[in-house]
Structures are given as structure tokens and as C-alpha cells.
Amino acid sequence: MGIHAHRKTIELLEGEYSSIHHGRSHDFDDLREYAPGDEVKDIDWKATARSTVPLIKRYIASRQHNIVFIVDTGRGMAAVAESGEPKKEIAIQAVGVLAYLATRHGDRVSMFTGDEEHIDFTPAGGSEAHIERMLRAVDARIQLDAPGSDMEHLLTQVARRLGHRSIVFIVSDDIALDRDMDKQIARLHARHEVLWISVGDADLMARQLSAPPVWAVDGGVEIPEYLRRSRGLQTVFDEGVAQRHEILATRLRKKGVSAGRIGSLDGTVPALFRLLERHRRARRS
Amino acid sequence: MWWWWIPLVILVVVAATVGGFLVYRRGRHGGGLPVAHVDRLTKLKAYRSAMRRYRWLTAAALVLVLVGGGVTSVIAARPAAVDAQQNEDYKRDILLCLDVSGSMVGVDAEIMRVFQNIVKGLNGERIGLRVFDASGYMAFPMTSDYEYIMDQLGLYERAFDGTLGPDEDFDYQAGTSSVSGASLVGDGLAGCANDFGDLSDDNDRPRSIILATDNIVNGNQIYSLEQAGQLAVDNEVRVYAINPFDYPLDTASQQLQTVAEGTGGEYYPMDLGSTVSGIIDNINSIEAGYIQTPPEVQVVDQPGNRPLLLVIVVGVLLVVAWRARI
């Protein structure tokens, strides 16, 4: 399993994850004349001897991808997922799996986390300890008493601050895409390669006899049983949810953003696999 | 001014209750699951109408709870009506004490007639009859068997009138002349005064004797009339004397009057203007004053149809609560 990169500059590395070196690249590209400021140890003495001017070995600047995770850490992510497990766990597992894959290939992963009050940036790193730190940060951020989510603001900030071309994973939930967010995704996608991961939200309706009560993380209000068991409302709710998923999927597809939805902890790896596979096959417009 | 803190206490208790309830509401999420994106539901048009229905049901349930609570507290307060009844039955003992000497028979027959009328309207009173001439004879003891009393009174009436039937073998004078003499009123009255069975203090039935005699004593008495009167006083018996042959200056009449009034009773001379029934009425009204029947106060629960209302309210409340899944 690997993260496929479509960009031409990154395409150099396609299928070559196994040849990745840590640290400076030793892949020789060409020679050029020495210019003040160049490292003396980069001078190719043999070539210089044959030539009349000092020549510098030019290396491929970097063959590492920048993998960037944008994780929504608002309190909505502290809610339960479709399976009844905490969404946080699923988000952490998804980020962990992807970051592990990336670092195994020598990529460097960084992360933006954010809610409506603050945005945090974890600088790029490639070690397992780095991934561990990242995941711990996500775990600590996502709390029931955390501020609410504001993906639009987070995406805006990331689009403004993320200079290097990167592969961007957006980890969010069953969000309702509005026009502004749409714009920010397009803006991000223009420069970077964007993949979208939705952590599926829990069903609000009570369909089983022993469905536990649920309360909204925004406002803390419990949803009355009367509403949750109303057959008519269940039908309308299901239609609304299906429509919401459809809108999100359609909009992202139109932009060429690969999207996947994870409903449970066990479903994380298969869902990621499908996402990466879909992404690999997708033709970049 | 010790009570000034009562409203304060009530206020604190109410505030603590409400506060505790709110805290409980807040902390109740322990059992529930947190969910995000509730707007998936709340933005639906169907949600708003369902919520309105839910609010109505909840409000209805609240109203029902209040009504039920009100009805319950009214029932718990046991609404009652106070029913004060003056019981008209006078539980007293009357002893007819008749002198059956020849001169008295006409009056005795009249008394019999009057008492037969009275007995028809009695309830709980006891009547006894003793006749005397030289000696006393208990015709029948104190009883409330009115049928029997009627029989006996009728029998004596016919005997006094001399209209006994051919198959009636009865002598009203039987047992009244076992000693020599006639109209021994002192002995007769003494016998009558001892005829009341229960003389103990906790028997508060008023006792009275209706004594019909002319007080013309002929013979040696064991008890003088005064002594017999004193016996009546000792036994708390009032003596109402009826004298058909009253002469104001006659010592016999005066003695009878003195003794009768000495027991707390009255003396009735039978003159042209008075009738036996009038005299008996008079005695009855006097005796009614001695009857110590306090008005009977009954407190009667009157829940009315409130329990039924409560059952209906609770039933509807259950249905509403089930519908609203509160």
C-alpha cells in the first residue's frame, strides 16, 4: 500500500519508494559551475580537474513527499461514529496508518489541527516518535469540552501557510460542504494533492429497542426519544443524510479530490486501502 | 417574629431543588452517547413539526401532572362535611305507677289510652307499669318491647274500663291487696322508686315516675309518702303526680304536691280544664330537658368523583407519556 502522487514533480518518484534514502539525496543529476555560496564539499573535484572551472554536483533537490494532515479537532470529533466507537479513535487510526505508510517510504509528515479557536501546526518529521507525538496531539485536542469545529477557517489558514507542494489528507466528518469551504478546497487542490477522509457520524435515530440516548455535543441537548423513534422522521432523516453524503461526494469528485468514508475502527484499513486505490487510478484533470 | 425565616427556607428549598434538577439534567449525559452534526436532524422541516407535537405532548403531560397533583392533594386533604345531628330519641325510663283503688280506675284507663298513643311514637325508651293498692304489683318491668307494652296497656285499659273480652280472664287487682288497707301510696311509690333496674352512676338515662293517686291513705304504711319521696330523690327519680281529686286546702293533696315537687317533678291536679293527655305532654316536655344527648357531630368524607377523575388523569397521563416517550 502506498500513497500515490500524481504531480509531475513528484512523479519522478513513482514506483520508487523502495529506493528512497534518508537524509540528503545522493542521486546525481548534472554538473554546473560553482557559484559563491555553494558547499565546498559539493565540488566534483574530478570533473573540475578535467575542466577549467570548478564544477558543482547537482543533486535532485528532494525526492521526499510532504504529507500533510489536516485534522479537525473540534468537539464534534469527540462524538461517536457510525459504529458507536469514538470518532477520535478512528481519526487517530487513519492518520496513524497513513503517516506510518508515508514514513516507511521516507516521506515527511506534518499536521495541522484546528478548531474554531486555535490552529496548531506540527512540523514535518519522519520518525515513528514523530508520528506518536502527532497522534498524541490529536488525542489531546479532541475533547468533549473542546471548542467547536471550523473547517473552513482551518482550510483557509492551511492554504495560506502551506508553501511546499504536498499531499494533503483532510480528516473530517460528515460535514455539510458550503460554498466557502468548497472554495478553500479548490484553492488547496490547485496547489496540492488533496484527499478527503470522512469519519462517519452516528445515526441520530433510535431504530433498535435498546438504543441508548444521544445528546448533541453542540449544546448538550438530549434528542427526545419521541423524535428518534418517529417512523416518519426516520425516513426523512435517512433521505437527508443520503443527500448530504451525495453532495459531499459529488462536489469532491468534481474537483478531482479522492474521498473516502470510514464508519468503524475495523473498517479503517479497508477504507483507506480503497481510498488510496481510487486515488491511484484517478486521472488528474 | 420568629416566622420571618419561613419564606426564606421555602425559597432556599425551591432553589436547591431546581438547581439540583438542572445539575442532574446536565450530568445526565453519563448514560447517553455524544453525537455530532445534529443539524442533520434539526434542519429538517419534519423535525420542526415533530418537535412542536412533542412540545404539546410534554406540555399536556405537565398539565396532567399538575391537575393530578392538585386532585391528589385535595383527596389527601380528605374533603369532609360536618354533619351535626340532634338525635330526637330520648332514651329514658318511665314507670307508670298507678293507684288502682276503686276511685282511681277512670283516670287509670285514661292514662292507659294516652300511653298507648305515646308508645307508638317511641324509640329506645323503656316503660314499666306497677299498680298498687294496699300492696304493689309489677304488671310488667321496664322494657322496650313496645309490642308487649301495647298488649299490656290495652289489657289494663279494658280491665279498668270493664270491657274485657269474654275469653280474657284478667283481674287488674291481683296482687294489690295482699296486706290490709287501701291506697297505701307511700309503699306504692317506694316500690315504684326501686323498680328502676340500673341505678349506677354511668347509667344516665333520665328516670321518671308518673304517679296517679288521690293520696287517700287507708291503712298502715311501711313507708310514708315523704320517705318514699326521699327514696325517689336518692334514686334520682322525678315523680310526676296526677291527682284526680284535688282540693287545694286538702292536706293529702298538699302533701302529694310537696313530695312530687321535692323530687324535681310536678304535681298535676285534674280539674275541669285539664286532660290526661295534656298533662302527659307537659311531663314529656319537662323530661326532654333532662335528656343529655349532645348533638352528634359526624365528619363524613366527601371525596365526590375526585378519585375517578384522578384515575382518568393518571390514565391519560400514562398514554401521553408513552406517546411522547418521556
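**View 1. The salt bridge between chain A and chain B.** In this predicted model, the rule finds one salt bridge across the interface of chain A and chain B. Its partners are Asp39(B) and Arg244(A), whose closest N and O atoms lie 3.6 Å apart. Across this interface there are also nine residue pairs in polar contact.

**View 2. The side of chain A that touches chain B.** Three elements of chain A, namely β8 (214-216), α7 (225-228) and α8 (231-255), each supply at least two residues to this side, and the largest share, five residues, comes from α8(A). By type, the residues of this side divide into 22 nonpolar, two polar and eight charged.

**View 3. Contact and buried area between the chains.** Here 32 residues of chain A are in contact with 24 residues of chain B, and the area buried between the two chains is about 2700 Å², of which carbon and sulfur atoms give 70%. Within chain A, the residues that lose the most area to chain B are Leu204(A), Trp215(A) and Tyr226(A), which together account for 27% of what that side buries.

**View 4. The largest nonpolar core.** This core has 36 residues, and among those that touch the most other members are Leu96(B), Phe115(B) and Ile127(B). The elements of chain B that give two or more residues to the core include β3 (93-99), β4 (126-132) and α5 (146-161), while α4(B) gives the most, with nine residues.

**View 5. The surroundings of Ile127(B).** Not counting residues up to four places away in sequence, Ile127(B) touches residues including Ile94(B), Leu122(B), Phe140(B), Pro141(B) and Thr143(B). A second, separate core of 34 residues includes Phe69(A), Ala102(A), Val138(A) and Ile142(A).

Note on methods:
Residues are numbered from 1 along each chain as its sequence is written. Chains are lettered from A and ligands numbered from 1 in the order in which they are written. This is a predicted model: local features need pLDDT of at least 70, side-chain atom pairs count only at pLDDT 80 or more; totals for chains, interfaces and linings use all residues. Side-chain values use heavy atoms; hydrogens and water are left out. A nonpolar core is a set of buried Ala, Val, Leu, Ile, Met, Phe, Trp, Tyr and Cys residues joined through side-chain atoms within 4.5 Å. Buried means under 20% relative accessible area, exposed over 50%, partly exposed in between (1.4 Å probe, protein chains only). Helices (H or I, at least four residues) and strands (E, at least two) are DSSP runs, numbered from the N terminus. Contact means heavy atoms within 4.5 Å. Buried area is the accessible area (1.4 Å probe) that two parts lose on being put together, summed over both. A salt bridge is a side-chain nitrogen of Lys or Arg within 4 Å of a carboxyl oxygen of Asp or Glu. A polar contact is a pair of N or O atoms within 3.5 Å; within protein, one must be able to donate a hydrogen and the other to accept it, and residues adjacent in sequence count only if both atoms are side-chain atoms. Ala, Val, Leu, Ile, Met, Phe, Trp, Tyr, Cys and Pro count as nonpolar, Asp, Glu, Lys and Arg as charged, and the others, Gly among them, as polar.
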